[in-house]
Amino acid sequence: MQPCSVCSAVSGWGKYIRAGSVLDRAQNLPSINGYILPGIGFLLLIFLFLKPSFILQGFSGPAAQHAPLWISLALGLLIGGLAQRSGLCITGGIRNFFLFREKTLLSGVVAIFVSALMVSLISGQFNLGMEAQPGAHHSHLWSFLAMVLVGLAAVIVDGCPFRQVIKAGEGDVDAGITCFGMVTGAAMVITWQLRSTSAGPVFNGKIATLLGLIFSLTVILSYRKARVKR
């Protein structure tokens, strides 16, 4: 259901993009700015090895669910390099197909889906449906609205969360700020207990989703350009 929700978000708000609703154009900044986010990432990696007392490590829940460090680094570098060279963007591929009928990026989306499906089948972790899935529930309306928010925000900033990480590594300051926003948002979701569980979405999570949609719509309308009449 999630890909369909993103498609709905992209196609539903595509008229604003075609009407010229875009954020301010990119500007050239001093090259040192491009090293800020990679430098912070490298610093966090050092903290991971040194384990300073002011960095708390979780041993239960989402904080403890991760692959071994060296496997994560190796696969991260491999996938990141391939994504950087190919220009892969999940939301961008869906957006371009629905708005402009351009299929280049969409082929990458299909490849990711097929690859993930094959790995799940081979590893025996494939589970069709929503039962016994982490964080899955049957409140389809709120699942749809949450993914609309993800798709809409990704279209506004011109790239899905995955693409923002790649662009930040290339030195894109805007993408770096977006990554900081995602990390901050994740911390707020966990700290304020906004995330859904198998029992369904919580009330505060619903409010956060609606506020996010209102904020995104406000940004779109604020940056909408008037059509040029011919």
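1. Helices here are DSSP runs of H or I with at least four residues, and strands are runs of E with at least two. Counted that way, the chain has 9 helices and 0 strands. Its pattern along the sequence reads α-α-α-α-α-α-α-α-α. Note that this is a predicted model.

2. Burial and contacts. The chain has 230 residues, and buried ones make up 26% of them. Take the contacts with a separation of 6 or more: residues 24 or more positions apart account for 66% of these.

3. Surface. The accessible surface of the chain is about 16,000 Å². Carbon and sulfur atoms contribute 67% of that area.

4. Aromatic pairs. How many does the structure hold? There are 2. In one, the ring centres of Phe47 and Phe54 are 5.4 Å apart. The planes of these two rings meet at 90°, and edge-to-face begins over 60 degrees, so the Phe47 and Phe54 pair is edge-to-face.

5. Exposure in that pair. Phe47 has a relative accessible area of 21% and is partly exposed. The cut-off for buried is under 20%, so Phe47 does not count as buried. Phe54 is exposed, at 58%. Exposed requires over 50%, which Phe54 meets.

6. The other pair joins Phe49 and Trp70, with ring centres 5.8 Å apart. The planes stand at 40°, so this pair is classed as tilted. That angle is neither under 30 degrees, as stacked would need, nor over 60, as edge-to-face would need.

7. What does the tilted pair tie together? Phe49 sits in helix α2 (residues 36-50) and Trp70 in helix α3 (residues 69-86). The pair therefore links parts that are 21 residues apart in sequence. Phe49 is partly exposed, with a relative accessible area of 43%. Trp70 is exposed, with a value of 61%.

8. Nonpolar patch. Val110, Phe113, Val114, Met118, Leu121, Ile122, Phe126 and Leu128 form a nonpolar patch on the surface. Together these residues have about 860 Å² of accessible area.

9. Where does Leu128 of that patch lie? Leu128 is in the loop between α5 (104-123) and α6 (140-156). Is Leu128 buried or exposed? Its relative accessibility is 73%, so Leu128 counts as exposed. Patch members need over 30% relative accessible area, and Leu128 satisfies that cut-off.

Note on methods. Residues are numbered from 1 along each chain as its sequence is written. This is a predicted model: local features need pLDDT of at least 70, side-chain atom pairs count only at pLDDT 80 or more; totals for chains, interfaces and linings use all residues. Side-chain values use heavy atoms; hydrogens and water are left out. Buried means under 20% relative accessible area, exposed over 50%, partly exposed in between (1.4 Å probe, protein chains only). Contact means heavy atoms within 4.5 Å. Accessible areas come from the Shrake-Rupley method with a 1.4 Å probe; for residues, only the protein chains shown count as cover. Rings of Phe, Tyr and Trp (its six-membered ring) pair if their centres lie within 6.5 Å; planes under 30 degrees apart count as stacked, over 60 as edge-to-face and the rest as tilted. Patches are made of residues with over 30% relative accessible area and no salt bridge: like charges are joined within 9 Å, nonpolar side chains (Val, Leu, Ile, Met, Phe, Trp, Tyr) within 5 Å. A salt bridge is a side-chain nitrogen of Lys or Arg within 4 Å of a carboxyl oxygen of Asp or Glu.
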